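Work through the exercises below with the sequence and the coordinates open. Try each task before reading its solution.

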Number of protein chains: 2
Amino acid sequence: MATEYSAHVESNDKQPRTARGLKTKRKLLDAAALEFGEKGFHEASITGITQRAGTALGSFYTYFDSKDELFSALVKDMSTRVKSHAAIAMTEWQDTLEREKLALEAFMNFAREHKEIYRIIDEAEFVDPDSYRAHYEATAKRIFERLQEGSEAGDLRGNLDEAHAWAIMGMNVFLGLRYGIWTEEKSTVEIAEIANEILATGIAAAKS
Amino acid sequence: MATEYSAHVESNDKQPRTARGLKTKRKLLDAAALEFGEKGFHEASITGITQRAGTALGSFYTYFDSKDELFSALVKDMSTRVKSHAAIAMTEWQDTLEREKLALEAFMNFAREHKEIYRIIDEAEFVDPDSYRAHYEATAKRIFERLQEGSEAGDLRGNLDEAHAWAIMGMNVFLGLRYGIWTEEKSTVEIAEIANEILATGIAAAKS
């Protein structure tokens, strides 16, 4: 796990050099997710975060210069974790559309387990606009690369545009909000199938 | 115009009773859109809003009790204006999918003309969560009603779910952000066509 986590930790000049250091930094990021998720950026405090993490105040400053810097690191960390979580889910797929279904299902499951993610990413629009934009641009780029692979493999049409990736990302984000965060009235499998059917055949009536 | 605007103004006990009053309230809402859009809720000030509106400070309190109340009224006003703008664009349509295309195109054009809308609606998640949720629930409900009409008319499949409406709304919101707010590198017609083709036939390769 330490190896996997280490990949999630943003590199800076305060990068931990030991397994114990990595673990402490990880604890601070997890505590920050809860603190920012519950209180929002402005109400959240560094002491609230170190108390949740069970670490000394000094260890915060070993790894971060400020609440702002921790927030930015957290947005990048969540962005990377969503990516990793989806990547793990996408290891076994038959065709490109099925891979997108697995990606959405994994994202929704992640959102249900980490409900604070929406509030944190969304608050980044105001607290750290560059990280907000970077998160969505990176996500759309990843989706577009998968679509291009799908076109090359003959699974998807050949004339797909970056806008198709943004459309898919938007579907995923709003389905995650509605059926991952606000209610869990439907299973993530069911929602992922609905979204996937749109991509597979659209919603028009069958031509007779 | 006064009649159209009057429909946009939220009713409360401070509802204007004259055409002049309606015009003043409209000026305050338009000024608030610019002030909140530029500075964000916390930095925005009532005096900044009345100065932009060219009205006396007293006229603010004739119509609103507080900055919070004005913000909530503004979110509802923008939600209603997006709806009206799309409704006007959707007057001439041949089939249900074309109607959705016109709705997205109208939304993107509105967003380009009122770039502050994203920041204001998105900030509502933190400043006024009920209005934020109400905006998206009402939008999704409207889309779902149109989809159901489309199924009844035989344009769309019959087994569409509320989740299809949320998927379409998510597509529209992210395409509007990327191609309406962040850049204008593609025309709104082109983007609306790309989204509509997804709904018409999906993105899979043609079966041979």
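The model is predicted.

**Exercise 1. Fold of chain A**

Task: Determine how many helices and strands chain A has, and describe the extent and burial of the chain.

Solution.
- Step 1. Count the elements. Chain A has ten helices and zero strands.
- Step 2. Write the order. From the N terminus it reads α-α-α-α-α-α-α-α-α-α.
- Step 3. Take the extent. Along its principal axes, the C-alpha trace of chain A spans about 70 × 35 × 30 Å.
- Step 4. Check burial. Of the 208 residues in chain A, 57% are buried.
- Step 5. Sort the contacts by sequence separation. Take those in chain A between residues at least 6 apart; 64% of them join residues at least 24 apart.

**Exercise 2. Annotated spans**

Task: Locate the two UniProt features on chain A and describe each span.

Solution.
- Step 1. Start with the domain. The unreviewed UniProt entry places "domain: HTH tetR-type" at residues 22-82 of chain A.
- Step 2. Describe that span. Residues 22-82 are 87% helix and 0% strand, and their end C-alpha atoms lie 19 Å apart.
- Step 3. Go to the other feature. The unreviewed UniProt entry gives "DNA-binding region" for residues 45-64 of chain A.
- Step 4. Describe this span too. Residues 45-64 are 75% helix and 0% strand, with 13 Å between the end C-alpha atoms.

**Exercise 3. Relation of the two chains**

Task: Find the operation that lays chain A on chain B.

Solution.
- Step 1. Recall the general form. Two copies of a chain are related by a rotation about an axis and a shift along it.
- Step 2. Read the operation. A turn of 180° with a shift of 0.0 Å along the axis lays chain A on chain B, at an RMSD of 0.0 Å.
- Step 3. Name it. This is therefore the relation of a two-fold axis.
- Step 4. Compare the contact surfaces. The same surface serves both copies, as 100% of the contact residues of chain A recur in chain B.

**Exercise 4. The nonpolar core**

Task: Which residues of the largest nonpolar core touch the most other members?

Solution.
- Step 1. Recall the trend. In soluble globular proteins, nonpolar side chains tend to be buried together.
- Step 2. Rank the members. The largest core holds 125 residues, and F36(A) and F36(B) touch the most other members.
- Step 3. List partners beyond four places in sequence. For F36(B) they include F41(B), A44(B), I49(B), L70(B), F71(B) and L74(B). K67(B) and R119(B) are also among the contacts of F36(B).

**Exercise 5. Three residues**

Task: Are Y136(A), L160(A) and R157(B) buried or exposed? Place each one and find its contacts, leaving out residues up to four places away in sequence.

Solution.
- Step 1. Take Y136(A), in helix 8 (residues 129-152) of chain A. Its relative accessible area is 5%, so Y136(A) is buried. Y136(A) contacts I121(A), D122(A), W166(A), M169(A), V173(A) and, across the chains, F174(B).
- Step 2. Take L160(A), in the loop between helix 8 and helix 9 of chain A. At 12% relative accessibility, L160(A) is buried, because the cut-off is under 20%. L160(A) touches F144(A), L147(A), S151(A) and I203(B). L147(A) is 13 residues away in sequence, and 7.4 Å away C-alpha to C-alpha.
- Step 3. Take R157(B), in the loop between helix 8 and helix 9 of chain B. With a relative accessible area of 13%, R157(B) is buried. In chain A, R157(B) touches E197(A), G202(A), I203(A), A204(A) and A205(A). In chain B, R157(B) touches S151(B) and H164(B).

**Exercise 6. Empty space**

Task: Find the largest pocket and the largest cavity, and say which elements line them.

Solution.
- Step 1. Size the pocket. The largest pocket has about 590 Å³ of space.
- Step 2. Inspect its lining. There are 28 lining residues; R119(A), E123(A), E125(B), F126(B) and V127(B) lie nearest the centre. Elements from both chains give two or more residues, including helix 7 (116-127) of chain A and helix 7 (116-127) of chain B. Helix 7 of chain A gives the largest share, six residues.
- Step 3. Turn to cavities. The whole structure holds four of 30 Å³ or more. The largest cavity has about 290 Å³ of space.
- Step 4. Inspect the cavity lining. Of 19 residues, V82(A), F107(A), H135(A), T139(A) and V173(A) are closest to the centre. Helix 5, helix 6, helix 7, helix 8 and helix 9 of chain A each give two or more residues. Helix 8 of chain A gives the largest share, six residues.

Note on methods. Residues are numbered from 1 along each chain as its sequence is written. Chains are lettered from A and ligands numbered from 1 in the order in which they are written. This is a predicted model: local features need pLDDT of at least 70, side-chain atom pairs count only at pLDDT 80 or more; totals for chains, interfaces and linings use all residues. Side-chain values use heavy atoms; hydrogens and water are left out. A nonpolar core is a set of buried Ala, Val, Leu, Ile, Met, Phe, Trp, Tyr and Cys residues joined through side-chain atoms within 4.5 Å. Buried means under 20% relative accessible area, exposed over 50%, partly exposed in between (1.4 Å probe, protein chains only). Contact means heavy atoms within 4.5 Å. Helices (H or I, at least four residues) and strands (E, at least two) are DSSP runs, numbered from the N terminus. Copies are superposed by least squares on the C-alpha atoms of residues with pLDDT of at least 70 in both. UniProt positions are given in the numbering used here, feature names are shortened, and annotations may be inferred rather than shown by experiment. On a 1 Å grid over the protein atoms alone, a cavity is a set of points where a 1.4 Å probe fits but cannot get out, and a pocket is an open set with protein on both sides within 12 Å along at least five of seven lines; lining residues have an atom within 4 Å of a point. Grid points are joined across faces, edges and corners, and a volume is the space filled by probe spheres set on the points.
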